[in-house]
Amino acid sequence: MKRPELSLENKSALITGASGGIGGAIARNFAAAGAKLFLHGTSAEKLKSLMDELKAEGFASGAKAIELNTPDDARDLVDAAVRDLGKIDVLVNSAGINRPQKSEDVTEANWDDVLNINLKMLFFVTQAAGKEMIKQGGGKIVHISSQAGIVGLPLRAAYCSSKGGVNQLTRTLALEWARHNINVNAVAPTFVRTPFTEKMFEDEDFKNYVIDSIPLGRMATNDEVAYATLFLASDLANIITGHILTVDGGWTIK
Amino acid sequence: MSLEIFDLTGKTAMITGSTKGLGEVAAVALAKAGADIAVCGRNRENLEQVSTSIKALGRDSAGFYLDVTSKQSVQEGVEQILKHFGKVDILVNNAGVNHRVPVLEFPEEAWDLVINTNLKGYFLVAQAVVPQMIERGYGKVINMSSIFGLTPLPDQLAYSSSKGGVNQLTRVMALEWAKQGIRVNAVAPTYFETELVTQIRNDPERFKFINERTPMGRWGQPTEIEGIVIFLAAPASDFITGQIIFIDGGWTVW
């Protein structure tokens, strides 16, 4: 009897945003599932400490710390990953930012920053990795989207717009690349406690609004987002494409 | 590590309509992942056969007569299951029928049979099984829905209506039982190559239509349902509730 497993044995994965909470958890879970990794992050320090931790547990991986600002940056990142890994079987786009601000105060710079990282750079990393996957004859792409792509959230006009875009991008790429044996899916979490969100929860009212909005009565953990990502990246999800897998404790069904 | 979050050892699962088709595949999948299995259906010979094949995998299993359209049969069946296994941790609502005719010719008896089996049956079985999950504060309900709950086809009046109903039933149950630790999700498959749809499979025109309608250009293979069923039954998905997960090769993304 072959026991179905969440395995990435013999797979090579590029993970963006790995110096963040969710990206870091994805890297740890992917390494434990047997994948060879190439990690991207904006904080060289955090990337190094993650790499050291993975190395100590016997997992090897490469990494590149850069800001993703232009399509050239995206191509350079994918080139570096291909040089290091030899191939890319799995791409996880978890790099993202959020700059909460009242809609009437949102500046053009704020809007551009959020849309550039969360949507435009996500697309160009995917385009570069997708070209490799087409050459290789297939692959798996998982975008870390958000419930903000499904429901509105106050003070997050740019963020919600970017994540709604990610969801439609997911469906469009799934359609276009199905013929190349590339699965494109997204994981859409609710709020997760990370360094990225810690500041928001200093506001008690906001914290209560979040907890009260989640039927399961708590926030998601980084690992819970990583498990869904691992499932979609594994061979167990070969028939799934274009799906937005929501990990939100029920927030969006209310 | 991935074994732990994907392990069902010590859990008991009951699957309605598991004497054949995807229900049988789901039952075997949960057994492979470690669960003991209550096989449920109306064909006594098949009940015996499927439970025997699961016992050969080293799990406890038995067959139980269960007609999901009869409240009395459901109550008696669930009573026997609880007597045998002591508990049910995982419920897969799967028993379903279809009837394909144009709306203007659709017989009332066929409408009643499809709705009573596919929709009311899910409600009756959940109502009988979930109370003992609530007592223990943890449980998983997986409702087998269909792509037709979202994107219908002509001649599928009752079936599509029943599956649309299953999706909303899933969300309501998820909301009501979230605080009691019960997760309720649905799986929405495309056409899978089981013996139940051999007739469609052998109709060249319909076979071609289905392939062309699907971005991946193919039907699902029965074992491709294994991953999602285990994932939704396992601790890996503990923060996911109220979701309709499409396993459809991209059918519903366009």
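Two strands count as paired here if DSSP finds at least two bridges between them. Helices (H or I, at least four residues) and strands (E, at least two) are DSSP runs, numbered from the N terminus. With that in hand, take strand β1 (residues 12-15) of chain B, which pairs with strand β2 (residues 36-41) of chain B in the parallel sense over four bridges. One of the bridge partners is easy to find: T12(B) goes with D36(B) in β2(B).

Before going further, some housekeeping. This is a predicted model, where local features need pLDDT of at least 70 and side-chain atom pairs count only at pLDDT 80 or more, while totals for chains, interfaces and linings use all residues. Residues are numbered from 1 along each chain as its sequence is written, and chains are lettered from A and ligands numbered from 1 in the order in which they are written.

How confident is the predictor? For the complex, the predictor gives an ipTM of 0.94 and a pTM of 0.96. Chain B has a mean pLDDT of 97, with 99% of its residues at 70 or more; pLDDT is the predictor's confidence in each residue, from 0 to 100.

**Chain B as a whole**

Chain B has nine helices and seven strands. The strands form an open sheet in the order β3-β2-β1-β4-β5-β6-β7 (chain B), and the pairing is parallel. At the edges stand β3 (61-65) and β7 (244-247) of chain B; each has a single partner strand, so one side of each is left without a neighbour in the sheet. Neighbouring strands of this sheet are turned by 20° against each other on average, direction ignored.

As for dimensions, the C-alpha atoms of chain B fill a box of roughly 50 × 40 × 40 Å along the principal axes. A compact globule of 254 residues would have a radius of gyration near 18 Å, and the 17 Å of chain B agrees with that. That radius is taken over C-alpha atoms, and the globule rule is 2.2 Å times the number of residues to the power 0.38. Buried residues make up 55% of the 254 in chain B (buried: 20 or more other C-beta atoms within 10 Å of the residue's own; exposed: 12 or fewer; partly exposed: in between; C-beta atoms are placed from the backbone). Of the contacts in chain B with a separation of 6 or more, 73% are between residues 24 or more positions apart. Two residues are in contact if their C-beta atoms, placed from the backbone, lie within 7 Å.

For a local stop, try H99(B), in the loop between β4 (90-93) and α5 (108-136) of chain B. H99(B) is partly exposed, with 16 other C-beta atoms within 10 Å. Leaving aside neighbours within four places in sequence, H99(B) is in contact with A110(B), V114(B) and A158(B). The C-alpha atoms of H99(B) and W111(B), 12 residues apart along the chain, are separated by 8.1 Å.

**Helices on the sheets**

The angles below run from 0 to 180 degrees between N-to-C directions, with axes as lines fitted to C-alpha atoms, for helices over the stretch in contact.

| Helix | Strands touched | Angle |
|---|---|---|
| α2(A), residues 44-56 | β2(A), β3(A) | about 175° to β3(A) |
| α3(A), residues 71-85 | β1(A), β2(A), β3(A) | about 155° to β2(A) |
| α3(B), residues 44-55 | β2(B), β3(B) | about 165° to β3(B) |
| α4(B), residues 71-85 | β1(B), β2(B), β3(B) | about 160° to β3(B) |

**Chain A and its last strand**

In chain A, seven strands make an open sheet ordered β3-β2-β1-β4-β5-β6-β7 (chain A), with parallel pairing. Here β3 (61-65) and β7 (244-247) of chain A are the edges, each with a single partner strand, so one side of each lacks a neighbour in the sheet. Neighbouring strands in this sheet are turned by 15° against each other on average, direction ignored.

β7(A) pairs with strand β6 (residues 182-189) of chain A in the parallel sense over four bridges. Among the partners, V187(A) goes with L245(A) and A188(A) with T246(A). In a regular strand the side chains alternate between the two faces of the sheet. In β7(A), I244(A) and T246(A) point one way, L245(A) and V247(A) the other way, and all are buried.

**Where the chains meet**

The contact takes 36 residues from chain A and 37 residues from chain B. On the chain A side, α5 (157-177), α8 (222-233) and β7 each supply at least two residues, and α8(A) gives the most, with four residues. By class, that side has 21 nonpolar, nine polar and six charged residues. Ala, Val, Leu, Ile, Met, Phe, Trp, Tyr, Cys and Pro count as nonpolar, Asp, Glu, Lys and Arg as charged, and the others, Gly among them, as polar.
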